[in-house]
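Student: I should like to go through this structure and ask what stands behind each term used for it.

Tutor: Please begin once the structure is displayed.

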Amino acid sequence: RVNNYRWLRGQDEYDNWHDSGVSLNAARTFYLPTSKRVCQDCHMPLEDAVLGDVAAKDGKVRSHRFLAVNTALPFLRGDTETIDLIEQFLRDEKLSVDLFAVTHEDGRELFAPSTSVDVMPGELIQFDVVVRNKGVGHTFPGGTNDSNEGWLELTVLDENELVIGSSGYLRDDGHVDHKAHFFKALMVDRHGEAIHKRNAQDIFAPVYVRVIGPGTADVAHYEFVIPEQYQGEELTIRARLLWRKFDRSYTEFAFENNRVGFSGFESVPDLPITEIAADELILSVDGEVSNTRSQTLSGDWKRFNDYGIGLLLQGDTRGAMRAFEAVAELSPEQLDGPRNMARVALRDGQLEEAYRLLERCEELVAGDEQTAWVWGLAHQKNGRYDDAALAYNHVLNSFPEDRASWRNLGRVLYLDGKFEEALSALDKVLEIDPEDRVAHYHRMLSLRGLGRENEAKLAESAYKYYQVDESAQTVTRAYRLRNEADNHEAQAIHVHRVMPSTQTGRGI
């Protein structure tokens, strides 16, 4: 243990990929690609073998640039070509930004607006921005998320493109507005001090970890008061997903402690900031606002689906259900609407409603393996363990490396008193991930059920080694009390205020 504390899982891109739809190993994914992708498909694409490489096939060879997200190192060595390639890579359908929902002060809502929205001067407007992981085969961000920095910048601009409100701007000192909506991990040491120096050996507990898994989405909520003086004008809301490899605190630390590595720089360098994706919406400020909802096309169903996914993952089941109901209305031939509605019903403990929605799925496509995963959850929650086991086995026929299905199968078999069969399922989990604490726990229980105490003690030791230290969160409390913005960011659902701007720092 390099941290003198306990086992902690660190950077782990492989499991993020393996346990996802991208690898075709996870039936519970919201979006299932038509074909499997591996690391080389994204990071080592085919390119022209211009030097006549003897390994080339049809004039092509796998790129060994291994393009990803690190613009810092090529910047320090003045390699603008590599920076350009990385930025092209990041912008190539990896993530999307969607200014999806507008809520007026009186509660009226507008979903999936196309270009413009009518607003009243002086009213408080809430904007919901959906960020979807479309093409990253693991979480975004990945890698060393204690020093990575992704965030949303939301600005309100007048007709002269002057910023009149902002959240997530770059301050004059090179740091990002501390009240921004971040995509990163904020960790503290055992004394409750933030980890900002890549001192991974001191990591004790997370204050928050915000990443977007493959095929999922995040929703950021903003509110802004429309200034009275802009009546009769048009304002622009612009949302941008920005990325910087290494946050400013770590860059300052590295510069001060390793001047040799920063040769040619007299002061802390401003590392490149990349706009990955963006969206904007026009606000027409007048005295009348239409009461009608926006008209949507059949092609809009994925926008609603992404919104629902983000809300469901935040725990807003009411909002998620409404979004998925729109999916079912807009694209009634798709399984996504009723299946995702069933997920929400299960989250809320509404078993009968979940069964009704799953029956609707069967009417659309009988025997679908992804739907079988939700059937398994429903039967498991209802105590119908035989039916749950049948559902999970059906999933595993098509997704034989779905660790979650093997894990749940092991649990329901244990609960049904089928200890030997449970062990077989749980051993499958550990073949995929030997560090799966839940599998070790249920192995312990199953072994005890069989009276195999010595083996049960070994399983118990493994479980205790890999289990999460829930008491460690007590250390974050003092930090969160001292840091209001980080405490706000740690809440599952929170709203960012877009503050009127007199100075917004440096432009990006």
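Student: What makes a residue of the protein chain count as buried, and what percentage does so?

Tutor: Buried means under 20% relative accessible area, exposed over 50%, and partly exposed in between, with a 1.4 Å probe and protein chains only. By that criterion, 52% of the 508 residues in the protein chain are buried. The model is a predicted one, in which local features need pLDDT of at least 70 and side-chain atom pairs pLDDT 80 or more, whereas totals for chains, interfaces and linings use all residues. Residues are numbered from 1 along each chain as its sequence is written, and side-chain values use heavy atoms, without hydrogens and water.

Student: How do you know whether the radius of gyration agrees with that of a compact globule?

Tutor: The radius is taken over C-alpha atoms, and the globule rule is 2.2 Å times the number of residues to the power 0.38. For 508 residues a compact globule would have a value near 23 Å; the protein chain has 25 Å, which agrees.

Student: Why are the buried residues of helix H5 said to be on the same side?

Tutor: Helices are DSSP runs (H or I, at least four residues), as are strands (E, at least two), numbered from the N terminus. In H5, residues 248-257, the buried ones are Arg-248, Tyr-250, Thr-251, Ala-254 and Phe-255. They cover an arc of only 160° around the axis, which puts them on the same side of H5; the arc is that of the directions from the helix axis to the C-beta atoms.

Student: Against which strands do these residues pack?

Tutor: The buried residues of H5 pack against strand S7 (149-157) and strand S13 (234-244), where contact means heavy atoms within 4.5 Å. In the protein chain, 69% of contacts between residues at least 6 apart in sequence join residues at least 24 apart.
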